[in-house]
Amino acid sequence: VFSIICSLITFNLVLMVDIGDKTKMSSKLLRPIIVPATYNDYPVIQNMARFYVYDLSRYCGFISEDWSMPANGLYECFDFRIYFEDENRWPFLIKVNSELAGFILVDKETKESSSNWNMGEFFVIAKFQNKGISREAAWEVFNKYSGIWEVSVIPENHKGLNFWKRVIGTYTNGKFSCQVKVVDFDKYQPHRHIFTFDTKIFSEN
């Protein structure tokens, strides 16, 4: 009986190590790339945006009735068509091994005139969250556009706030600012945490 128990323990340990190694290997293979989106991708991003709003509703769902579940059961998001028509806006798809993983929308709608780039929207689907993919995708777009960036986060979005603190903090070695400022596009929650940092400092090193 003792030998049987030992054999079972050994088998389970080997199985756990094997599964652990496979998990590490699979996470290493999950490297995101950002791909410039074309007008044909507009409905794709708009469809993914439903899940974006769903994710945010966990934190922002009680800010106003605008966050309520629609009667037809389908969340709606802002219309992102302008990102495909305005030359000062840049839409991207996030892909992992050719699979859609999310989207990034970059623009110049900054709070301060001294800033160059604004993170309009950033979303990674649940399947690929908490695997380092969001961080890598954000860093890739920061590297792509050199200059002073702004990333704004609604105060209720605690997960997003913690995410950007880590991602921007690591990217800049802590050389960033974060201030709560008033915005003019949200009457129900006019405050935003706005991160500001200069990627030019790091792209040149």
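Does glutamine 129 count as buried or exposed, and at what relative accessibility? That was what I wanted to look up today. I'm working from a predicted model, so I'm keeping that in mind throughout.

**Entry 1: glutamine 129**

I looked up the accessibility, and glutamine 129 comes out at 17%. The cut-off for buried is under 20%, so glutamine 129 counts as buried. Next I checked where glutamine 129 sits: in the loop between β4 (117-124) and α3 (133-144). Its side chain makes a polar contact with the side chain of lysine 159, at 3.1 Å. I then skipped the neighbours within four places in sequence and listed what else glutamine 129 is in contact with: Asp55, Phe123, Val124 and Lys159.

**Entry 2: the whole chain**

I stepped back to look at the chain. I found 5 helices and 7 strands, and from the N terminus on they run α-β-α-β-β-β-α-β-α-β-β-α. Of the 205 residues, 40% are buried. I also looked at contacts between residues at least 6 apart in sequence, and 64% of those join residues at least 24 apart. The accessible surface is about 12400 Å², with 56% of that belonging to carbon and sulfur atoms.

**Entry 3: helix α3**

Back to the helix on one side of the loop. α3 has 12 residues and reaches 17 Å from its first C-alpha to its last, close to the 16 Å expected. Its buried residues are Ile133, Ser134, Ala137, Ala138, Val141 and Phe142. A note to self about helices: there are 3.6 residues a turn in an α-helix, so residues three or four places apart point the same way.

**Entry 4: the sheet**

How are the 7 strands ordered in the sheet? I read off β1-β2-β3-β4-β5-β7-β6, an open sheet with mixed pairing. β1 (32-36) and β6 (177-182) stand at the edges with a single partner strand each, so one side of each has no neighbour in the sheet. The twist averages 30 degrees from one strand to the next.

I zoomed in on β4, which runs parallel to β5 (residues 148-153) and is joined to that strand by 2 bridges. Tryptophan 117 has tryptophan 149 in β5 as its bridge partner.

**Entry 5: helices on the sheet**

Helix α2 (residues 42-60) packs on the sheet and touches β2 (89-96), β3 (99-107) and β4. The direction of α2 makes about 90 degrees with that of β3. Helix α4 (residues 158-172) lies across β4, β5 and β7 (191-198). I got about 10 degrees for the angle between α4 and β7.

Conventions
Residues numbered from 1 in each chain as written. Predicted model: local features only at pLDDT ≥ 70, side-chain atom pairs only at ≥ 80, totals over all residues. Heavy atoms only, no water. Helix = DSSP H or I, 4+ residues; strand = E, 2+ residues; numbered from the N terminus. Buried < 20%, exposed > 50% of the residue type's maximum accessible area, 1.4 Å probe, protein only. Polar contact = N/O pair within 3.5 Å; in protein donor to acceptor, adjacent residues only side chain to side chain. Contact = heavy atoms within 4.5 Å. Areas by Shrake-Rupley, 256 points an atom, 1.4 Å probe, with all protein chains shown as cover. Expected span 1.5 Å × (residues − 1). Pairing = 2+ DSSP bridges. Axes fitted to C-alpha atoms, helices over the stretch in contact; angles between N-to-C directions.
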